[in-house]
Structure formats: C-alpha cells, structure tokens
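Visitor: I'd like a close look at one part of this protein, at an unhurried pace. Could you pull it up and walk me through it?

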Amino acid sequence: MALVDTERAVTNCSDPSTPFSEIIELNVGGQVYVTRHKTLVAVPDSLLWNMFSKKSPKELARDSKGRYFLDRDGFLFRYILDYLRDLNLVLPDFFPEKSRLQREADFFQLRDLAKRLSPRVSKDNSICEEISQSDTEEGAHQCGSSAGMETLRAMSVSGATCSPSLDSRKPGYITIGYRGSYTIGRDIQTDAKFRRVARITVCGKTALAKEVFGDTLNESRDPDRPPERYTSRYYLKYNFLEQAFDKLTEVGFHMVACSSTGTCAYTSNDPNEDKIWTSYTEYVFCRDQ
C-alpha cells in the first residue's frame with residue numbers, strides 16, 4: 001500500500017508553473033509512452049515544447065483512456081523521445097528508417113536532430129553518409145571506400161531510387177503464415193461461421209521482406225535486425241492474404257509450396273454443440289535469379 005501511495009504521489013506531483021503533471025502518458029500512433037514533462041519540453045520552440053508549455057491540457061487531443069494523442073509514427077517516436085532525454089542521437093546498426101526519422105524530426109520541429117539525420121554533401125556534390133543496403137543485402141559501405149563512392153556518384157547522376165531494378169533483384173524465399181479459426185455447426189446444418197484472419201506473419205530475410213511489403217510490414221517486434229539476417233517475427237499491418245500475394249507477385253515471387261494443420265474442439269462437453277476448428281497455414285514463395 002505504501003508503494004502505491006508513493007507512485008501516485010510521484011505521478012500527481014507537478015511544477016506549480018504548469019498545469020501538466022510531472023508524469024505524462026502519450027499515445028503516439030497506437031504506441032503508448034510514459035515520460036516526464038520536463039523531457040517533452042527539453043527543446044525550446046519545438047512542437048512538443050509548444051504543446052506542453054504554451055497550451056493547457058484541455059486544448060490537446062486525447063484518446064479514450066485520457067492519454068495525450070499524437071497521430072504520428074509510434075515506432076519512430078522512441079528515437080524522438082530518446083533524443084529529448086539527453087539531446088544525444090544513438091541509432092542501431094543497419095538502421096533503414098533514417099529518412100523517415102528525419103521527417104519526424106522536421107515535424108516535431110527538432111532542427112538539430114533533423115540536421116544530424118540529413119545526408120551530408122561532399123565537395124564533389126555526392127552524398128557522404130553510411131548507406132544501408134537493405135534492398136541489395138550487401139551491408140553498409142562508408143563514404144570513404146572507393147566502391148561506395150562510385151555507387152553514390154552513380155546514384156547522384158542517374159537519380160536512381162533505392163528500389164532495385166528487375167535485373168538486380170536478389171533471389172530468395174519468403175514464407176507467409178496465418179492462424180485462423182472457424183465454427184462448423186451440427187451435421188444437420190450446412191453453414192459455417194468463419195472468423196477473420198487475426199495476423200499474417202512474414203518469415204525470411206529482412207531485406208527481402210522490406211522490399212516486398214515496405215511500410216505495411218510491422219517491424220516493432222524485431223526492429224534492429226540487420227538486412228542480411230533472417231527473422232520470423234515480422235507481421236503485416238493488414239489481414240488480407242490476397243493483398244500479400246499480390247505484393248509478392250508484383251516483385252517476381254511465385255508460390256512453390258503450401259502446408260496446413262488443423263485441430264478441432266467442442267465449445268462444451270455436449271457433442272451436439274458447434275465444433276471449433278483452428279488451423280495454421282504457411283505459403284512458401286520463391287524468387288529465382
């Protein structure tokens with residue numbers, strides 16, 4: 001009981017000069033964050049500084065549970081919050097979201113952070129930064145290496161995008177899996193009650209998964225996986241199998257195998273009651289050289 005009272009006192013303790021409590025709960029794109037008020041106002045004239053120092057709590061949007069709501073990328077906000085804590089930027093190796101994080105920094109009006117994330121231009125007008133080869137799966141090359149410089153000059157001249165061409169696409173396998181369930185009535189009934197697919201999982205090499213599914217790939221469960229490593233923890237932000245199949249087909253994959261398992265159970269001990277079937281299915285897609 002003493003611990004609960006202490007935590008409550010810390011949560012409700014606030015600076016008399018501000019109407020906000022010391023501990024702030026945020027809902028950023030569905031991701032919940034808990035931080036201190038002084039962290040959010042660490043950078044003067046930033047968007048969060050204006051929200052939590054110039055406005056009142058009643059002026060800010062909230063979700064159904066009373067948390068302050070921001071309609072931004074919830075995954076990338078973790079790096080925004082880390083930066084606000086000590087004004088230092090630390091990113092994981094093989095970080096592929098630098099351009100998107102720069103966009104978030106611009107939105108939150110964190111000019112110094114956006115400047116650190118922006119690509120540097122050398123004297124010969126080539127981009128000089130560490131390039132993550134998430135699409136070509138060749139690792140990262142420093143700007144000082146001759147091979148990296150030649151690649152960057154070619155990109156600068158031709159204006160090529162990060163998406164690989166048809167000739168440069170790497171071969172590989174991607175496995176799509178889903179777990180579903182449905183109810184079949186008694187033998188005298190002909191209808192079946194289907195339940196929608198809850199989640200579509202993606203297994204394979206990280207670079208291939210990102211190439212195919214892009215922003216629709218949920219990486220929050222395995223955010224720091226290097227592009228040349230394999231993962232089985234990704235899943236899609238939608239639950240339509242046909243949509244996943246279309247994306248795979250568009251980039252040259254074709255299905256080579258499929259397997260499924262299922263179990264049956266009754267909702268009660270009465271055998272006349274409806275049967276619940278649960279199944280797990282995997283589809284294996286391949287792209288040849």
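Visitor: In which sense do strand S1 and S3 pair, and over how many bridges?

Guide: Keep in mind that this is a predicted model. Strand S1, residues 23–28, pairs with S3 in the parallel sense, and 3 bridges hold that pairing. For a spot to click on, take asparagine 27, which has phenylalanine 69 of S3 opposite.

Now zoom out to the sheet around that pair. It's an open sheet of 3 strands, ordered S2-S1-S3, and the pairing is mixed. Strand S2 (31–36) and strand S3 (68–70) take the edges with a single partner strand each, so one side of each has no neighbour in the sheet. From one strand to the next, the twist averages 30°. Helix H4, covering residues 77–86, packs on this sheet and touches S1, S2 and S3. If you compare directions, H4 makes about 5° with S2.

From here, let's move on to a pocket. The second largest pocket holds about 240 Å³ of space. Its lining draws at least three residues from domain 1 (23–117) and at least three from domain 2 (172–185 + 194–287). In total, 16 residues line this pocket, and those nearest its centre are Asp73, Phe75, Asn218, Glu219 and Lys237. Sorted by class, the lining has 7 charged, 6 polar and 3 nonpolar residues, which may be handy when you set up your own view of the pocket.

Last stop: some strands further along the chain. Strand S11 (residues 217–218) runs antiparallel to S12, with 2 bridges joining them. There, leucine 217 sits opposite leucine 236 of S12. Strand S12, residues 230–236, also pairs with strand S10, residues 200–205, in the antiparallel sense over 4 bridges. In that pairing, valine 202 has tyrosine 234 in S12 as its bridge partner.

Terms used. Residues numbered from 1 in each chain as written. Predicted model: local features only at pLDDT ≥ 70, side-chain atom pairs only at ≥ 80, totals over all residues. Heavy atoms only, no water. Pairing = 2+ DSSP bridges. Axes fitted to C-alpha atoms, helices over the stretch in contact; angles between N-to-C directions. Contact = heavy atoms within 4.5 Å. 1 Å grid on protein atoms, 1.4 Å probe; cavity = no way out; pocket = protein on both sides within 12 Å on 5 of 7 lines; lining within 4 Å. Points joined across faces, edges and corners; volume = space filled by probe spheres on them. Nonpolar A, V, L, I, M, F, W, Y, C, P; charged D, E, K, R; others polar. Domains from an automatic or database assignment.
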